[in-house]
Structure formats: C-alpha cells, structure tokens
Amino acid sequence: MTHIFLYGPPGTGKSSVGQALAERLCLPFVDLDVEIGKSAGRTIPQIMDEQGESAFRDLETAALKEALARAARPSPNYGRGESVIALGGGALLRDENRAAAESAGKIILLTAKLETLLERLNADSGRRPLLAEDLREKLPALLVKRSRHYASFPVRLNVDGKPAGQNAQELQIILGRHHLSAMGEYDVSADDISNLTNFPMQNPVIVTDGNVAKFHLEKMRTILQASGSEPGYVVLPAGEKHKNLETVSRLWKVFLESGVDRKSTVIALGGGVVGDITGFAASTFMRGIDWIYAPTTLLAMADASLGGKTGFDLPEGKNLIGSFHPPKFVLADVEFLKTLPEAELISGMAEVVKHGVISDPELFYLCGHGLEWAKNNLEEIVKRAMAVKIGIIEEDPYEKGFRAALNFGHTVGHAVELVSGFRLRHGEAVAIGMAAEAKLAERLAVAAQGLPEAVAETLSALGLPVRIPKELPRGEIIRAMRADKKKNAAAIRFALPAGIGKVKLADVTDLESALE
C-alpha cells in the first residue's frame, strides 16, 4: 500500500493538483483539511479561533490516522488500498504525523515563488487563520519559520506557471505511476518488484528466458510464495530467433499442463521477446487470460512493455502475427537493469532517444550527456521514457493515427535488423534507422538543416551505431521494408522528425533515398 502525499506551503495548490492526480491514477482523493472540517463540524478558522492551533493540530493528527485506516479497509471501488492525500501546510510539523506518512507512502513537496503564493492566497487569506489580516507580512514570516522543515523533503515539484493538470502529469513522471484506460484498464508503475504481491492473482505461471532466469527467477518465485502462491514457471531459450509459433505452442502446452484457466494469471519476466510471446500466448489461450509484465531490460521498460501489442515473427518479417492484449499490470523495477549486459543497456537507450526526439526535448537533451550519465540516472530515464509512450498510446491505442510516431527509426530499423539475421540488436538497428530517417527528413525538407547531425551525435555518445553496415545488401533491406506489417503497396509511411519533440508522418515512394 503506497499512498501519495502532497505537501507544501499554503497556496501551492495541493488540493487542486491532488484532485487532478487522483483522477489520472484512478485513485480516491482525500483533502485532509476538508476531512477535519467534516469531523469537527466547523470550519478551520472557527476551530483555530475557538480552540487554538494546538487543538487544531490534534484534530489534524486524528484525521490523518483515520484517513490511513480507512484506506487500509477493503473497498468495492478501490481495491488497491491506495489514495492521493493533500495535507495542510503544517500537517507534518509533528513528528508522529511525518512518521505515519513516510511509512505509508511517498511525500512530494510542492513549491512556488513567493509572488505566486501571494497571488493565489490574496483572494482567500481569510480562510487561512495563520495568514489572516496581513498576508504580505505573515506569509514570508511563515515561510522563513518553516524553511528548514520544508527543505528536509527531498522529492519536490515546482508548480509556478503551470495548471493543475500539467503539474499532475509531471508528478506522474516523478512517481513513475500511470493508469491506462484507452485499451482496457491497467496500471503501470516503476517500483520495487515486491509490490507485485499487491495485485491479486490465481495459479500464476512465470514465463522467462534462460538469461533472465539465472538472475531473477528464484526471487520472483520467492515473492509470490510469500503472498501464498505456488507459481509454476517455464524457461524459454533466449533470443529473437525463438520468437515464433513453435515457442507459442510450447507455452500453450505448459499452460494446459499447469492447470491454467480463465481465472489464472501469467507473468512475463523478461525483455521484449518474452513480453511479446507471453502476451500473445495469453491473448489466445482460452480466448484470452490475464497477464502481468515485469520487464527486465531497458528497451522493454521504456517501450515494449507498454501499449498492449503482442505477437511473434515469421521468416518474412518481425511481428507479422499479433494481437492487442494489454497486461493487467506493468511493474518496472530498475534494479533489474543492474544485471543487464552493457550492450543490452546501450541497445535500450535507442528507444529512449526515440522518445526524446518524438515528444520530450528534455529527455533528448539528457541523453546527450552520454552513456555514463545514463547508467547513473536510469530511474529518471525509465520514468520519462515511459511517460512519452503512455501519452501517445492513450491518445491513439490502436495505431490509427499519431501513434505511428512511435515508428520513428523502425521502418528502416526493422528491415536492417531482419537482413542482419538479428546479429544486430533491436536497439542498434533502430539507432541506425533513426539516423537514416533523420537524413531523409532533412532531404524532404521536413526537418531543418542540422537535425540529422544532432540525432547522430546523441546516439553516438551512447555507443550506438548510426550507419547501415556495408555488408548488408540494400536491395534486401528495401524488400524487407515493403514486407513490414506497417506498409502498403504504393508507398511506405515514415514517421519523420520535424524537430526535437515533433514528428510528421510522410508517405515515401523512393525507398532508395531512405538508405542514402
């Protein structure tokens, strides 16, 4: 159970931002000041005037305890036992209140400039007893008095100049928390894998591969056993070449032997291949069963685990057979990345760069710091990259419009990957594809001069290739591009960068120009 507490000085918008965040995460919202007023039957100014600040603080402590106790009780509407709680500006001055909040969830301090607070509070300072009568004198004095207290909270968000919805969205990135609804209801969280036990499941079966199993299978089994389950498991051979119908058939057989039924849950523990193949097997077994994704690679956390697309390869191309079947829960624990080989980590950074190019200039800028910076800031990278893809797939869940922007680098990249016989990793091929497609964008006057160089420099700083290997036949690459599932006979639709943070879709008939 992880509550989200919003805290900070008066006027930072804890209530409005909290309400917006709760709606985005599909969680109940608690405004502690409102709860105090309800329980006391009087307004906060009345309580302060009649009983004093000490009595109000007693009521505040009682209200916090009741809010946490109420959230812990089963609810027909909110089974997860979580909530977003807006705290009064001094609610955590008491050590017991702070200890209760810190043990029950995460505290985010909202901050703003004095001018912002004065502007917001000017209209209703009378409803804030500690600031009544002389706001311009009392507010700065209050901020000075509490400065060390507020400074002791490490996780913070500045709310200046942004509406509540935008601040709520930025909080989601900080928290790594999302609730998706465009293609079925499910949660995505960047958090500790032990939180998997918060998701109720029956007769779980873990699907993983040989590379992941030696590091993480027993830990996953132990976590599930501690929650009362005795999970089955299957270990698949690792690699894209095993992403085929034969492997799907093997999973169906394991499901049957394990007694999997419509109430069971399958857990994909691995990278993109494990997720794609497990999700497809789950989507077709007994006409669809629940599955959970615990991605273990950067590529999967940033991209492949999100969106609900599942499938397997044919000799003629990647993902030619597939379905839309989103998992019921995605739990990305960045601790898994500590066992990831460096080459796989670098490969995953290609999708991160892609997300920066198509929608998040700040993420693209951060990627330009290079590989060592990325290694030391994986949590921020994963959270920002996840937010980009989630925003796009929620807008266009079935790839009928702007979701095609996510194909940047993949039109050329998938073909290069296939023609290489998968000797190139997926991210390496996508990096080559992004460099080639950025050049195409410049030649077609979609992008300004210099954009290809900026993209190539960032990719190179991360150790990613930017040129098609000379030994790969260009004719075979073009044939593979035409066979790709996203193409039509007359022209190929490319997602081309018009600038960092902006993509334009363009139909291209001269495929040779995409490989120059």
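# Exercises on helix packing and unusual residues

In this predicted model, α14 and α19 cross in a left-handed sense.

**Exercise 1.** Work out how α14 lies relative to α19, and which residues of the two helices meet.

*Solution.* Begin with the general idea that a pair of packed helices is described by an angle and a distance, both taken between the axes. Helix α14 covers residues 342–359, and its axis comes within 6 Å of the axis of α19, with a crossing angle of roughly 40°. This angle makes α14 oblique to α19, since an angle under 35 degrees would be needed to count as roughly parallel. Next, look for the residues in contact: Ser347, Ala350, Glu351, Val353 and Lys354 are the residues on the side of α14, and they meet His426, Gly427, Glu428, Val430, Ala431 and Met434 of α19. Sorted by class, this contact holds five nonpolar, three polar and three charged residues.

**Exercise 2.** Decide whether α19 and α20 are roughly parallel or roughly antiparallel, and describe their contact.

*Solution.* Helix α19 spans residues 426–443 and helix α20 spans residues 451–461; their axes come within 8 Å and cross at roughly 170°. The cut-off for roughly antiparallel is over 145 degrees, and therefore α19 and α20 are roughly antiparallel to each other. The crossing of α19 and α20 is left-handed. In the contact, α19 supplies Ala431, Met434, Ala435, Ala438, Lys439 and Glu442, while α20 supplies Pro452, Glu453, Val455 and Leu459. By class, seven of these residues are nonpolar, none is polar and three are charged.

**Exercise 3.** Find how many residues of α18 are buried, and what they pack against.

*Solution.* Helix α18 runs over residues 410–419, and 10 of its 10 residues are buried, which leaves the helix mostly covered. Among the buried residues are His410, His414 and Glu417, as well as Val412, Val416 and Leu418. The elements they pack against are β13 (317–324), α14, α19, α21 (474–483) and β15 (492–499). After α18 comes Gly421, which has a positive phi near 70°.

**Exercise 4.** Say where Cys26 and Met286 are placed, and what is notable about the phi of each.

*Solution.* Keep in mind that most residues other than glycine have a negative phi. Cys26 is not a glycine, yet its phi is positive, about 55°, and its place is in the loop between α1 (14–25) and β2 (29–31). Met286 is likewise not a glycine and has a positive phi of about 50°; it is located in the loop between α12 (272–284) and β11 (290–295). As for exposure, Met286 counts as partly exposed at 37% relative accessibility.

**Exercise 5.** State how many disulfides the structure holds, and whether Cys26 and Cys367 are buried or partly exposed.

*Solution.* The structure holds zero disulfides. To place each cysteine, use the cut-off that buried means under 20% relative accessible area. Cys367 has a relative accessible area of 2% and is therefore buried, whereas Cys26, with a relative accessible area of 36%, is partly exposed.

**Exercise 6.** Locate Pro341, and find how far its C-alpha atom is from that of Thr297.

*Solution.* Pro341 sits in the loop between β14 (329–332) and α14. At 48% relative accessibility Pro341 counts as partly exposed, because exposed would require over 50%. Along the chain, Pro341 and Thr297 are 44 residues apart, while their C-alpha atoms are separated by 9.5 Å.

Key:
Residues are numbered from 1 along each chain as its sequence is written. This is a predicted model: local features need pLDDT of at least 70, side-chain atom pairs count only at pLDDT 80 or more; totals for chains, interfaces and linings use all residues. Side-chain values use heavy atoms; hydrogens and water are left out. Axes are lines fitted to C-alpha atoms, for helices over the stretch in contact, and angles run from 0 to 180 degrees between N-to-C directions. Helices (H or I, at least four residues) and strands (E, at least two) are DSSP runs, numbered from the N terminus. Angles under 35 degrees count as roughly parallel, over 145 as roughly antiparallel, 65 to 115 as roughly perpendicular and the rest as oblique. A crossing is left-handed if the near helix is turned anticlockwise from the far one by less than a right angle, and right-handed if clockwise. Contact means heavy atoms within 4.5 Å. Ala, Val, Leu, Ile, Met, Phe, Trp, Tyr, Cys and Pro count as nonpolar, Asp, Glu, Lys and Arg as charged, and the others, Gly among them, as polar. A disulfide is a pair of cysteine sulfur atoms within 2.5 Å. Buried means under 20% relative accessible area, exposed over 50%, partly exposed in between (1.4 Å probe, protein chains only).
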